[in-house]
Amino acid sequence: MNDCLFCKIVQGDIPAEKVFENDNVLAFKDINPQAPVHILVIPKNHYADISVLYNEEAALIVDIFEAVKKVTEKLYIDDSGFRVVVNKGTDAGQLVNHIHFHVLGGRKLEWPPG
Ligand code: 5GP
Ligand code: ZN
């Protein structure tokens, strides 16, 4: 049995506010937003983290960044600016082991991150 939270969102077993999807990727609102716009873009298939996304998944990586573009346009942060973040592992604070690209915007974001 697959216990992955984000796989359950993909399957519709756990509700989420979707903002974009196609055959390969899904974008939905983060349940605990850290900015006025905080979207998670995920592949529909399970990948644990960014270390397993490389050459043979090149088409998927393009899909992910096309979704980022569509989401930022749809939510009107493409001009004002936004940040894309991927956490991998303990030091980065990855909590969900299904790769997700955070898209944050709608306010001035600080740098460096904490
Ligand atoms: P991480 O720390 O793994 O990079 O980020 C996990 C993100 O998933 C967090 O920002 C958290 O708020 C979000 N999250 C955790 N559980 C759920 C959920 O059930 N639904 C949604 N929409 N987001 C979630
Ligand atoms: Zn998963």
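This is a short dialogue on reading the largest pocket and ligand 1 in a predicted model.

User: Before we start, what features count in this predicted model?

Analyst: Local features need pLDDT of at least 70, side-chain atom pairs count only at pLDDT 80 or more, and totals for chains, interfaces and linings use all residues. Residues are numbered from 1 along each chain as its sequence is written, chains are lettered from A and ligands numbered from 1 in written order, and side-chain values use heavy atoms, without hydrogens and water.

User: What volume does the largest pocket have?

Analyst: Rolling a probe the size of a water molecule over the atoms shows where empty space is left. A pocket is an open set of points on a 1 Å grid over the protein atoms alone, where a 1.4 Å probe fits, with protein on both sides within 12 Å along at least five of seven lines; lining residues have an atom within 4 Å of a point. Volume is the space filled by probe spheres set on the points, joined across faces, edges and corners. Here it's about 770 Å³.

User: Which residues lie nearest the centre of the largest pocket?

Analyst: Asp30, Gln34, His38, Asn87 and His102, out of 31 lining residues.

User: Where does ligand 1 sit?

Analyst: In the largest pocket, meaning more than half of its atoms lie within 2 Å of the grid points.

User: Which polar contacts does ligand 1 make?

Analyst: Look for N or O pairs within 3.5 Å. A backbone N or O atom of Lys29 is 2.9 Å from a ligand 1 nitrogen. Ligand 1 oxygen atoms pair with a polar side-chain atom of Asn87 at 2.9 Å and a polar backbone atom of Val96 at 3.0 Å.

Definitions and conventions. A polar contact is a pair of N or O atoms within 3.5 Å; within protein, one must be able to donate a hydrogen and the other to accept it, and residues adjacent in sequence count only if both atoms are side-chain atoms.
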